[in-house]
Amino acid sequence: MVRPPLTLQTSVQYLRGAGPALAQKLRALGLSQVQDLLFHLPLRYEDRRRFTPLADLKEGGEVLVRAKVEHQEVRYSPRRNLRVAVSEQDSWLLLRFFFFNQTQAANFKPGSWVRAYGRLRQGKSGMEMIHPEYQLAATAEELTPEKTLTPIYPASTGVTQPRLRQLIRQALELASTDPVFNLALPGLDGPDTLSALRLIHQPQNDADAQQLLALAHPAQRRLIREELLAHQLSMRVLRRQVRGKPAPRIVNAAAGVAALEARLPFRYTNAQRRVAAEIARDLDSAAPMLRLVQGDVGSGKTAVAAAALVAAARAGFQGALMAPTELLAEQHAQTLQAWLAPMDITACLLKGTQKKPQRASALAAIKSGQAQIVVGTHAVFQQSAMFKRLALVVVDEQHRFGVQQRLALRDKGPAGLTPHQLVMTATPIPRTLAQTLYADLDVSVIDELPPGRKPIITVALSSERRAEVLARIGKACASGRQAYWVCTLIEESEEIEAQAAEETARTLRAELPELKIGLVHGRLKPVEKDAQMQAFKAGITQLLVATTVIEVGVDVPNASILIIDNAERLGLAQLHQLRGRVGRGATESQCVLLYQPPLSLTAQARLDVMRKTQDGFLIAQRDLELRGPGELLGRRQTGLVGLKLADPLRDAALGAPLQKLADEWLERHPGPCSALIRRWVGDVEKYGQV
């Protein structure tokens, strides 16, 4: 294989220690070119710069130890686990592994030495570490502490942390000789980009370490401003491109709104009417609508979107509604068909797993224009889906698709015309932040819930009361109700999250043998995931164990109990989204926040907020106040957009000055604009034209 000259634009496969197989796994992390590695920033840091004597170990801390292997054994109570006893002088520590193979177990030879890093907990026989990161050697002298803080990166199956660190070191070397990468960026103070990246990837001293852990280092602040500026620029470029093109004009859209409401079994709230009127004005324009509708869980966003789709159909056009999962698309299709059939408006479903005859029929109806409303998933993007007169695109849960995906429908409009775009999200964020995050969109807010919705009773319980919770679930399911059990293991790998969910499901099946228990996690194939959700929706499964993949889920009115295990690990926004899975039927619903004591003050405050309010916008505001600038670097949050280092809530104060700087750059510095967008977002032309 002839290796091309290495540059920041070269494929990662040509770096030392990479190759085609690893490059394919890196692509799953969004790492294709060498430059991508520079901006694959640490989720957090671990301090492995000194060994802690075994005699000084305290529960709850994360430490680096060096000790002698005394013996190892595999036990099967209560579940299969590898136990490795290690010692240092007269002190002992137990290393425990639940996911291991025979070779791994055999490598722990008595008399060898181990360096291990992990979190300490008090076990039945003393202090122990569960699944530490470790290294084995024949002698103690071969095992030394790290010289710098150890960065922990987002990873995936088959991509180890040491390998990522090695590839990123190579990328930093290449960046130091790239003249374009090192161009000055006007209006941004602090260290230059390369110096900032080098310090963040390879912090050298205690002073840097303390500032990085507090997210207060000038290097981090510089890159945060860069990333937010790049986002603002890309959104502005995108808006200019889209708004500069003509759109199909949907006249008298307000009449379509009124026509639908007259046939619905409920009345619009005042907030729904206000937002529907804003949409109707946009549709009656010759420029493409670009509007975001924010609304809390259950506020009636679908009914407002349906009114816009009715307006398009009555004007002789087609509309499309895209959902992030097939199950959610099916739910939307059933709802719309029930509402629109009496109005002689045809809605059809298009999804990837349809049988060939059904799919062919749907595609023919779309092409001929017979299907006035099309509901689907990513299948709607495909070339085979050809519309006759597409005038309106509605995207449910924008952050599950991304800007590029929703823009893929632009070319499916009538010749020379760009369809209107309506984006919906149930992620509640303050208006000013929405305007920062979605700078290419006008923002509407449905800030009122329909009357009569029963509040969800929310309680916080210690994990010590787990048996009590299990008894409550067993009794409720026996009476015909259904429940969710959400696992919230926060790890850098979907594989470990999936294993944790599978282990939880096994444990619950043993503890509640009378129940039918399903399982959903991110490593399942879409078909398997949908099959599990369908079984739960149909009532075949009584208890569904899931990771946070159900955060944006389906409407299962009979599910009236939600258990969030280790709830203290999640942010407020995600807790609120998960709670929205229940409270959708006539039965009073309950949400149990199961936490592991002792609680930090911040975790306690979060759980208190959840118990006291169900107002999504109030929760978002408290989330902003509680997280603040002191949040540890990169602990996974509920990402509203694909930002690497910046946090739109934490960094809200930077929004206004960076919006002003973005306008200035667009007028005076077109060259740096393209370079900065390419660096943080991707190719500026592709970004705007996908």
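Contact here means heavy atoms within 4.5 Å, and with that in hand the tour of this predicted model can open at a single strand residue.

Select Gln135 to begin, which is found in strand β7, residues 133-137. Setting aside its neighbours within four places in sequence, Gln135 is in contact with Trp113, Val114, Arg115 and Leu143, so these four residues are worth displaying alongside Gln135 under the 4.5 Å criterion. Of these partners, Val114 is 21 residues away in sequence, while the C-alpha atoms of Gln135 and Val114 are 5.6 Å apart in space. Gln135 counts as partly exposed, because its relative accessibility is 39% and that class lies between the 20% limit for buried and the 50% limit for exposed.

Now show the whole protein chain as a cartoon. The protein chain has 23 helices and 21 strands, and its C-alpha atoms fill a box of roughly 85 × 70 × 50 Å, taken along the principal axes. For 690 residues, a compact globule would have a radius of gyration near 26 Å, and the 27 Å of the protein chain agrees with that. Among contacts in the protein chain with a separation of 6 or more, 74% are accounted for by residues 24 or more positions apart. If you colour by accessibility, 54% of the 690 residues count as buried, and if you display the accessible surface, it comes to about 29,700 Å², of which 51% belongs to carbon and sulfur atoms.

The next stop is the aromatic side chains, where the count comes to seven aromatic pairs. Select Phe39 and Phe181, which form a tilted pair at 6.1 Å centre to centre, with 50° between the planes. This pair links distant parts of the chain, 142 residues apart, with Phe39 in the loop between α2 (34-38) and β1 (44-46) and Phe181 in the loop between α4 (161-175) and α5 (193-201). Are these two rings buried or exposed? Phe39 is buried, at 1% relative accessibility, and Phe181 is also buried, with a relative accessible area of 3%. Add Trp680 to the selection, since Phe39, Phe181 and Trp680 form one aromatic cluster. Then add Arg679, which lies over the face of Phe181 at 4.4 Å from the ring centre. For another arrangement of this kind, move to Arg80, which lies over the face of Phe100 at 4.1 Å from the ring centre.

Go on to Thr377, in the loop between β12 (373-376) and β13 (390-396). With a relative accessible area of 6%, Thr377 is buried, and, not counting residues up to four places away in sequence, Thr377 touches Met322, Ala323, Thr325, Glu326, Ala329, Leu350, Lys351 and Gly352. From there, select Pro324, which has its place in the loop between β10 (318-322) and α11 (326-340). Pro324 counts as buried at 18% relative accessibility, because the limit for that class is 20%. Draw a distance from Pro324 to Val395, and the C-alpha atoms prove to be separated by 8.7 Å, although the two residues are 71 residues apart along the chain.

Finish with the cysteines. How many disulfides does a search of the whole structure find? The search finds zero disulfides. Cysteines to select here include Cys348, which is buried with a relative accessible area of 12%, and Cys673, which counts as buried at 6% relative accessibility.

Terms used
Residues numbered from 1 in each chain as written. Predicted model: local features only at pLDDT ≥ 70, side-chain atom pairs only at ≥ 80, totals over all residues. Heavy atoms only, no water. Disulfide = S-S within 2.5 Å. Buried < 20%, exposed > 50% of the residue type's maximum accessible area, 1.4 Å probe, protein only. Phe/Tyr/Trp six-rings, centres within 6.5 Å; stacked < 30°, edge-to-face > 60°. Helix = DSSP H or I, 4+ residues; strand = E, 2+ residues; numbered from the N terminus. Lys NZ or Arg CZ within 6 Å of the ring centre and 35° of its normal. Rg over C-alpha atoms; globule rule 2.2 N^0.38 Å. Areas by Shrake-Rupley, 256 points an atom, 1.4 Å probe, with all protein chains shown as cover.
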